[in-house]
Amino acid sequence: MLHKPKSLLLSPTTFIFHSQCLLQEFHIKTNHQNEDKDGGKVHNSKETRDGRLFLFKSKGQHLLTNSRILDSIVRKSDIRPADTVLEIGPGTGNLTLRLLEAAHKVVAVEVDKRMVEILRKRVAEHGSEDRINVICNDALKTEFPQFDLVVANIPYGISSPLVAKLVFGTTPFRTATLLLQKEFARRLLANPGDSEFNRLAVNVKLVAEVEFLMDVSKRDFLPIPKVDSVVKIRPKAEIPNVDLCEWWAFTRICFSKKNKTLGATFKQKKKLIELMTLSKVMCLNKENVSLDYTSASSDEDGHDEEEDGTRNSNTFRLPCLGMGLSSFREKVIGILKSSGFEDKRPSKLSIDELLHLLFLFHQNEIFFHKKAEDSSCLDLTAS
């Protein structure tokens, strides 16, 4: 039988007063003038000397202090009494205490040991220490325990890799209600044709739906950040049957210049060489044939021999498909032309259109990812 701690619902005026008292108790002040070049490393000597705890903007340490907004976030998260909630970056626990009111358990991941100390003290004061698991570690390096949903105020500096870790991770969850910097949230919410539509949006929306919930004023934080937005991410029940590593590598090429036509992108010599080499290797792996080539480039006009009949030192011959670079280029552009994609821009294409184009490339034995090189799968968000 669950025992709920005493109610934490306060009026906005009372809550702000208590927040201010808390900050004074722990001597919390903001600092962004004495941060190190490596991202705001805390100077222990300074802290020890004046006994103050600094919040660093470069670490995304912005505490949400508006009780009305905190209540709204919890309410819009649709938490069930039996849920385990994952909170990333709980800070001093303003949101955490409210999550403990609504959920069975909270898993809080916080990298700052100073914040962890404050968080544990506040939770203990409210008699909820047996229902919280505090993990003092970097969220990007932590293997999360099982959870039902995510509710968090995400530090801006880790927004992209953290969202990618959640939606492409191995732990299933119902929803993720995230407080994000507004410009980042707009990219997540963007649709084809929007100026903010990029590789991040197309990768996330392949596997999840993203819903806008509300904007949050910068005046509701300490210290003051840029304007933030709250979004809810819902993993899709069914996702397309596509090799994700192939998809990520494919979108990385397409969105390297998202407003450039696909024809122009795939005519670039360097990209053609990379694709040709990879596609040949993939074909040869299927046939168990050794690769035979002399160089990784060829003449842009496709001349494999010089006028005197000698072989061009830049000639690239691969027996699997039996073609040089110029022939491979013609094949790639031919696929784009015949399917009507040559003059289209990635920023205006839907996920279904991009999936169809990837299918056409595979149909013609053109591949984007070497299966043994799993490390390339980790870069999901570069645009």
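These exercises work through salt bridges and one sheet in a predicted model.

**Exercise 1. Find the partner of Asp78 and say which parts of the chain the pair ties together.**

Step 1. Look for a side-chain nitrogen of Lys or Arg within 4 Å of a carboxyl oxygen of Asp78. Lys232 qualifies: the closest N and O atoms are 3.0 Å apart.

Step 2. Place both residues. Asp78 sits in the loop between α3 (67-76) and β4 (84-88), and Lys232 sits in strand β11 (residues 228-235), so the salt bridge ties together parts 154 residues apart in sequence.

Step 3. Check accessibility. Buried means under 20% relative accessible area, and exposed means over 50%. Asp78 has 48%, so this residue counts as partly exposed. Lys232 has 3%, so this residue is buried.

**Exercise 2. Which residues pair with Arg114 and with Glu196, and are the residues of each pair buried or partly exposed?**

Step 1. Take Arg114. Its salt-bridge partner is Asp112, with the closest N and O atoms 2.5 Å apart. Both Arg114 and Asp112 are buried.

Step 2. Take Glu196. Arg186 forms a salt bridge with Glu196, and their closest N and O atoms lie 2.8 Å apart. This pair links distant parts of the chain, 10 residues apart: Glu196 is in the loop between α7 (182-189) and α8 (199-207), while Arg186 is in helix α7.

Step 3. Apply the cut-offs again. Glu196 has a relative accessible area of 22% and is partly exposed. Arg186, at 46%, is partly exposed too.

Step 4. Put the pairs in context. By the 4 Å rule, the model has 9 salt bridges. Side chains of opposite charge can pair when their charged atoms come close.

**Exercise 3. Give the strand order of the open sheet of 7 strands, then place two helices against its strands.**

Step 1. Read the order: β6-β5-β4-β7-β8-β11-β9, with mixed pairing.

Step 2. Find the edges. β6 (132-135) and β9 (208-216) each pair on one side only. From one strand to the next, the twist averages 20 degrees.

Step 3. Inspect one pairing. β4 and β5 (residues 105-109) run parallel and are joined by 5 bridges. Ile88 has Val109 in β5 as its bridge partner.

Step 4. Add α3. This helix packs on the sheet and touches β7 (149-153), β8 (176-181), β9 and β11. The directions of α3 and β9 make about 160 degrees.

Step 5. Add α8. This helix lies across β9 and β11, at about 120 degrees to β9.

Notes: Residues are numbered from 1 along each chain as its sequence is written. This is a predicted model: local features need pLDDT of at least 70, side-chain atom pairs count only at pLDDT 80 or more; totals for chains, interfaces and linings use all residues. Side-chain values use heavy atoms; hydrogens and water are left out. Helices (H or I, at least four residues) and strands (E, at least two) are DSSP runs, numbered from the N terminus. Buried means under 20% relative accessible area, exposed over 50%, partly exposed in between (1.4 Å probe, protein chains only). Two strands pair if DSSP finds at least two bridges between them. Axes are lines fitted to C-alpha atoms, for helices over the stretch in contact, and angles run from 0 to 180 degrees between N-to-C directions. Contact means heavy atoms within 4.5 Å.
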